[in-house]
Amino acid sequence: MSGTESVIVDGGLALRHRADGHLELRANGIFVMDTRETSTEKALATRALELHPEPRHVLIGGLGLGFTLEAVLTDPRVEAVTVVEIEPRLVEWMRTGRIPHGPDLLKDERVHIEVADVAVILRESRAEAYDVVLLDVDNGPGYLVHDANGALYEAPALADARRATAPGGTVVVWSAAKAPALLEVMAQVFDEAEALSYPVDLQGHSETYWLYVGRLSAGGVSRGNGTN
């Protein structure tokens, strides 16, 4: 499909309406995602939820174009979803229909939007608030959208995520590339940690993406703040 391109820019956020009919989101000049290839965002949700027997309360760090949220909402076990997005303009574009599928997605009564830094929300959340925490605010620890996001992949922030997650729960971090240092830190913070790879076909080009999974034991034994 062809058409006229247009770009909406607000600060460091840009939403491009491409000539092929798809939307493309960029932050600080970095490609975040588009509406042509959404399998990675959906896979983050489906693979993560498969790891938990009762994912009733889910936190998603990063709204993006909403495809991770959409996939989470298709799981009938999910009763509530908190989405934390640091860019207020992106939330506005979703709510007003600038991103066409946004209004229907956000009107689901299970969805609660927090316009904030996900690291702050995790630090301030009550203990054991979520069954599953999904973090997709960058393209992984090696490809940061904002430099300050680097702290999210370190022990103190991951320990906050652990504290906010109920016994038996999971914290899942998405990465576009293998991140052994992240796995090492998660192994310090969580009772179990593993890296799960999954193949993705990006318009005929094969890629491998990664989910870094931290699990809490059902007994909820704490490891403190995850630091030495």
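Here is a short walk through the structure above, from the whole chain down to a few side chains.

Keep in mind as you look around that this is a predicted model. The protein chain is built from 7 helices and 11 strands. Of its 228 residues, 50% count as buried. The accessible surface comes to about 10500 Å², and carbon and sulfur atoms account for 49% of that area. Sequence-distant contacts show up clearly too: if you take the contacts between residues at least 6 apart in sequence, 64% of them join residues at least 24 apart.

Let's step inside. The largest nonpolar core has 42 residues, and Leu69 and Val72 are the ones with the most contacts within it. Val72 is a good place to pause. Setting aside its neighbours within four places in sequence, Val72 is in contact with Ala45, Leu49, Val58, Ile60, Val78, Val81 and Leu134. Another core, of 30 residues, lies apart from the largest one; Leu59, Val118, Val133 and Val171 are among its members.

Two of the contacts of Val72, Ala45 and Leu49, bring us to helix α1, which covers residues 39-50. This helix has 12 residues and reaches 16 Å from its first C-alpha to its last, close to the 16 Å expected at 1.5 Å a residue. Its buried residues are Thr40, Glu41, Ala43, Leu44, Ala45, Ala48 and Leu49. As you look at that list, it helps to recall a general point: an α-helix has 3.6 residues a turn, so residues three or four places apart point the same way.

Now for the aromatic rings. The structure holds 3 aromatic pairs. In one of them, the ring centres of Trp174 and Tyr209 are 5.2 Å apart and the planes meet at 75°, so this pair is edge-to-face. The two residues come from distant parts of the chain: Trp174 sits in strand β9 (residues 165-175) and Tyr209 in strand β11 (residues 205-215), 35 residues apart. Both Trp174 and Tyr209 are buried.

Tyr209 also has a second partner. With Tyr198 it forms another edge-to-face pair, at 6.4 Å centre to centre and with 80° between the planes. Because Tyr198 belongs to strand β10 (residues 192-202) and Tyr209 to strand β11, this pair ties together parts that are 11 residues apart in sequence. Tyr198 is buried, as is Tyr209. Put the three residues together, and Trp174, Tyr198 and Tyr209 form one aromatic cluster.

Terms used:
Residues are numbered from 1 along each chain as its sequence is written. This is a predicted model: local features need pLDDT of at least 70, side-chain atom pairs count only at pLDDT 80 or more; totals for chains, interfaces and linings use all residues. Side-chain values use heavy atoms; hydrogens and water are left out. Rings of Phe, Tyr and Trp (its six-membered ring) pair if their centres lie within 6.5 Å; planes under 30 degrees apart count as stacked, over 60 as edge-to-face and the rest as tilted. Helices (H or I, at least four residues) and strands (E, at least two) are DSSP runs, numbered from the N terminus. Buried means under 20% relative accessible area, exposed over 50%, partly exposed in between (1.4 Å probe, protein chains only). The expected span of a helix is 1.5 Å times one less than its number of residues. A nonpolar core is a set of buried Ala, Val, Leu, Ile, Met, Phe, Trp, Tyr and Cys residues joined through side-chain atoms within 4.5 Å. Contact means heavy atoms within 4.5 Å. Accessible areas come from the Shrake-Rupley method with a 1.4 Å probe; for residues, only the protein chains shown count as cover.
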